[in-house]
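Visitor: I am new to reading protein structures. Could you pick a single part of this one and take me through it slowly, along with whatever surrounds it?

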Amino acid sequence: MSQTHAAAPSWQEDVFAALKKRDVRQIAYVPDSGHSHTIREAQRDPGIRDVVLTTEEEGVAVVSGAWLGGQRAVLLMQSSGVGNCVNMFSLLQMGGFPFLTLVTMRGEYAEFNPWQGPMGRTTRQALELMGITVLRADRPEDVGETVEAALDSVFEAGERAAVLLGQRLIGRKKWERD
C-alpha cells in the first residue's frame, strides 16, 4: 500500500481533539490507515503514550491496566480486530473496567477484500453480545460529537462503549502493485 501523508480529513482531527479534551493519556493500537492521523498525533504528543500492539486483544488489557494505574486509555482497531478481542472482553465485565474502542469499519462500502466481509457484518453484534454499547458515525460532521459522547459515557459513567467509524468516512482502500 502506498503511504502518503496528505492533510487529515477534519473528522480525523475531531477524533484526536476529543481524546485530548477528555484527557486520554494512552492510545493502544495495531497500525491502521483509518486511524493514522490519531496515531501520528499521539506519537508526537508528549502527554500521550502510544502503545503499539501485536494483536488487538492485548489492547483490552492495556486499557484496563491504564485505568488501574489512574489513566484514561482508548483502543484503536479495525472491525476485523473485534473478533480477536471477544474472549478478552470478559476482562471488562469481570473487572468492571470502563472501556472505549474506536473501530474503523471494513467489509462495507467498496470493500475489495472478501475476508473483511464476515467480521464487518457482525462487528456490532459481537460487541453488543459482550455488553459493549455501540455508537456509530458515518458522516464526517457526526464523528466529533459521537466520540465525545462515548468518552463521557465511559469515563464519567463507567460504561463500556465502541464507536464504529463507517467505511465511507475512510473511503476506498486502494492497493497498488509496485
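Guide: Happily; we will start with the whole protein, then look closely at one strand and its surroundings. Keep in mind that this is a predicted model.

Let's get our bearings. The protein contains 8 helices and 6 strands, and reading from the N terminus the elements come in the order α-β-α-β-α-β-α-α-β-α-β-α-β-α. Of its 178 residues, 49% are buried. If you take the contacts between residues at least 6 apart in sequence, 75% of them join residues at least 24 apart.

Now to the sheet. Its 6 strands pair in the parallel sense and form an open sheet with the order β2-β1-β3-β4-β6-β5. Two strands sit at the edges, β2 and β5 (133–137), and each of them pairs on one side only. From one strand to the next, the twist averages 20°. As general background, the strands of a sheet pair through backbone hydrogen bonds, and they can do so parallel or antiparallel.

The part I have picked is the edge strand β2, which covers residues 49–52. Its pairing with β1 is parallel and runs over 4 bridges. You can find one of the partnerships by eye: Y29 has V52 in β2 as its bridge partner.

Next, follow the chain onward from β2. Between β2 and α3 (56–68) there is a loop, and T54 is found there. Is T54 buried or exposed? T54 is exposed, because its relative accessible area is 69% and the cut-off for exposed is over 50%. The side chain of T54 makes a polar contact of 2.5 Å with the side chain of E58. T54 also shows how folding brings parts of a chain together: T54 and Y29 are 25 residues apart in sequence, yet their C-alpha atoms are 8.6 Å apart in space.

After that loop comes α3, which lies across β1, β2, β3 and β4 (99–104) and runs at about 170° to β3.

Let's go back to what comes before β2. In helix α2, the buried residues are H37, T38, I39, R40 and A42. Their cover includes β2 itself, along with α1, β1 and β3 (72–78).

Leaving α2 (36–44), we enter the loop that leads to β2, and this is where D45 sits. D45 forms a salt bridge with K20, with 2.7 Å between the closest N and O atoms. Since K20 belongs to helix α1 (residues 10–21), the pair ties together parts that are 25 residues apart in sequence. As a general point, side chains of opposite charge can pair when their charged atoms come close. The two partners differ in their surroundings: D45 counts as buried at 15% relative accessibility, while K20, at 39%, is partly exposed.

That salt bridge has company, for a search of the whole structure finds 11 of them. Another one joins the side chains of R22 and E148, at 3.5 Å from N to O. R22 is in the loop between α1 and β1 (24–29), and E148 is in helix α7 (residues 140–155), so far along the chain that 126 residues separate them. Both R22 and E148 are buried. Together with K21 and D152, they are linked in a network of salt bridges.

Conventions:
Residues numbered from 1 in each chain as written. Predicted model: local features only at pLDDT ≥ 70, side-chain atom pairs only at ≥ 80, totals over all residues. Heavy atoms only, no water. Buried < 20%, exposed > 50% of the residue type's maximum accessible area, 1.4 Å probe, protein only. Contact = heavy atoms within 4.5 Å. Polar contact = N/O pair within 3.5 Å; in protein donor to acceptor, adjacent residues only side chain to side chain. Salt bridge = Lys/Arg side-chain N within 4 Å of Asp/Glu carboxyl O. Pairing = 2+ DSSP bridges. Axes fitted to C-alpha atoms, helices over the stretch in contact; angles between N-to-C directions.
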